[in-house]
Amino acid sequence: MEDIFHWCREGNTVQVRIWLDDTEHDMNQGDDHGFSLLHWAAKEGHMSIVEMLVSRGARINSTNLGDDTPLHLGAAHGHRDIVNYLLRHKADLNFVNEHGNTPLHYACFWGYALIAEDLVQAGALVSIANKYGDVPLDKCRGAMAKKLHTMAVDMGQNLEKVAFKDQSWLGLKTRSRDATLSRYKGINIDELALHTKMTTSPSGELWRGKWQGNEIVAKILTLRECTTRICRDFNDEFPRLRIFSHPNVLPVVGCSNSPPNLVVINQYLPHGSLFNLLHQETSIVVDTAQALKFALDIARGMAFLHSLDRLVPNLYLSSKHVMIDEDLTARISMADAKFSFQEKGKVYSPQWFAPEALTKKPKDLNVKASDMWSFAVTLWEMATREVPFADLSPMEAGMKIATEALRVSVPPGISPHISKLIRICMNEDPGKRPSFDMILPILEKMSVQ
């Protein structure tokens, strides 16, 4: 039967594009051997599909069951254009598969001299040994080894042999196909191997665990009572959160409707939320350049969500609801959207809310404008490294924002460009705030300065 993997193998660009246009389809799922769509497109040499997948958010360094990345397959099958495209998009050129081979090993073994030279020029090491003690130069024929050796020396590489180190623990495997193919599929809670309670929030308990071989976070919703109507509403609303089609949106990958527990499941990201990254001790340095990168990621994700025919209901933007992927990509978490039956009218983090969002009924609210205010507060938070209104309780902050014109103040010393953007996005008149599409070019220009 023809499916998305078949279309990628065969190079059916039209069918792939149609499939990707469905926001519920997960381009980062793997087939039975862990090959993602990008793996197949890179292996078969379909450049247009590779470009389409990467532009839509395909993971460049995902690995199949043998720990091959798409770059391994592009190099092994002689697709120089694809190799260079993946390199430009930050493919890990020294990643080793289960045999210890890098993409350079394969380019050398199959005699693709130009690809090998491109890899070395980009920084591929000629001294990485595979499991059997062979470095890429051992796989070369004729003058190829001599030329690559000379290039490496000219580039200042240390030619001392680097022993094999297993990298399979990095958690880059493609997501199980079973985890994403079945629409609206309920999961029995007994299938979830939950092992560590991470935190308790007003909306539920967060647990870390495994499902279908994937590292996951399960959110067990806090409910006074799990009625038949609530279960029905949960089943109706959950599919809207399965948005797999944008790199800056973190989808809900599954749910469990097993009364009395309703559970929302999403991918585990080791860096956690942007809030944690900004306000807790971590090894990640969030300097101005990184903050602008996060801001651009968030704006892109929000612009996409605002472009959908139906807005995601009850999705409130804050640093607590932005998750950070392994490659430091910021992704808006769909698991943090509130369901209609969860404590109606109660606001969990009012410090990030626009003043009108705290006083108006949802049907009277310009949701897109209020999201822009929340973005401005998050931008302020990244610029100052402060929690907004940290000296007040959430309830006090919310009351003062709504009734006493309490606002964050931009201190001196912050980039004048960031300061100006914060003020523009926090215009007291919702109608005068920009859209996310409007600020994307501004953030892009700021990010390259």
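Let's start with Lys139, which is partly exposed, with a relative accessible area of 23%. Its side chain meets that of Asp134 in a salt bridge, at 3.4 Å from N to O. This is a predicted model, and the structure holds 18 salt bridges. The points below walk through some of these pairs, and then turn to helices and how they pack.

**Salt bridges**

- Side chains of opposite charge can pair when their charged atoms come close.
- In the pair of Lys139 and Asp134, the acidic partner Asp134 is partly exposed too, because its relative accessible area of 25% lies between the limits of 20% and 50%.
- Another salt bridge joins the side chains of Arg80 and Asp118, with 2.6 Å from N to O.
- That pair ties together distant parts of the chain: Arg80 sits in helix H6 (residues 80-88) and Asp118 in helix H8 (residues 113-122), 38 residues apart.
- Arg80 counts as partly exposed, at 37% relative accessibility, whereas Asp118 is buried, with a relative accessible area of 15%.
- Glu215 and Lys210 form a salt bridge as well, and their closest N and O atoms are 3.9 Å apart.
- Arg208, Lys210 and Glu215 belong to one network, joined by salt bridges that share partners.
- Within this network, Glu215 is partly exposed at a relative accessible area of 30%, and Lys210 is partly exposed at 40%.

**Helices H3 and H4**

- Two packed helices are described by the angle between their axes and the distance between the axes.
- Helix H3 (residues 37-44) packs with helix H4 (residues 47-56) at an angle of about 155 degrees, and their axes are 8 Å apart.
- H3 is therefore roughly antiparallel to H4, since angles over 145 degrees count that way.
- Seen as a crossing, H3 and H4 are left-handed.
- On the H3 side, Leu37, Leu38, Ala41 and Ala42 take part in the contact, and they meet Ile49, Val50, Leu53 and Val54 of H4.
- By class, this contact of H3 with H4 has eight nonpolar residues, with no polar and no charged ones.

**Helix H8 and its surroundings**

- The buried residues of H8 are Ile115, Ala116, Glu117, Asp118, Leu119 and Val120.
- Asp118 thus appears here again, the residue whose side chain meets Arg80 in a salt bridge, because its relative accessible area of 15% makes it buried.
- The cover over the buried residues of H8 includes helix H5 (70-76), H6, helix H7 (103-109) and helix H9 (144-154).
- After H8 comes Gly123, with a positive phi near 120 degrees.

**Helices H8 and H9**

- The axes of H8 and H9 cross at roughly 15 degrees and come within 10 Å.
- H8 is therefore roughly parallel to H9, because angles under 35 degrees count as roughly parallel.
- The crossing in which H8 passes H9 is right-handed.
- From H8, the residues Ala113, Ala116, Glu117, Val120 and Gln121 meet Met144, Lys147, Leu148, Met151 and Ala152 from H9.
- This contact of H8 with H9 divides into seven nonpolar residues, one polar residue and two charged residues.

Conventions. Residues are numbered from 1 along each chain as its sequence is written. This is a predicted model: local features need pLDDT of at least 70, side-chain atom pairs count only at pLDDT 80 or more; totals for chains, interfaces and linings use all residues. Side-chain values use heavy atoms; hydrogens and water are left out. A salt bridge is a side-chain nitrogen of Lys or Arg within 4 Å of a carboxyl oxygen of Asp or Glu. Helices (H or I, at least four residues) and strands (E, at least two) are DSSP runs, numbered from the N terminus. Buried means under 20% relative accessible area, exposed over 50%, partly exposed in between (1.4 Å probe, protein chains only). Axes are lines fitted to C-alpha atoms, for helices over the stretch in contact, and angles run from 0 to 180 degrees between N-to-C directions. Angles under 35 degrees count as roughly parallel, over 145 as roughly antiparallel, 65 to 115 as roughly perpendicular and the rest as oblique. A crossing is left-handed if the near helix is turned anticlockwise from the far one by less than a right angle, and right-handed if clockwise. Contact means heavy atoms within 4.5 Å. Ala, Val, Leu, Ile, Met, Phe, Trp, Tyr, Cys and Pro count as nonpolar, Asp, Glu, Lys and Arg as charged, and the others, Gly among them, as polar.
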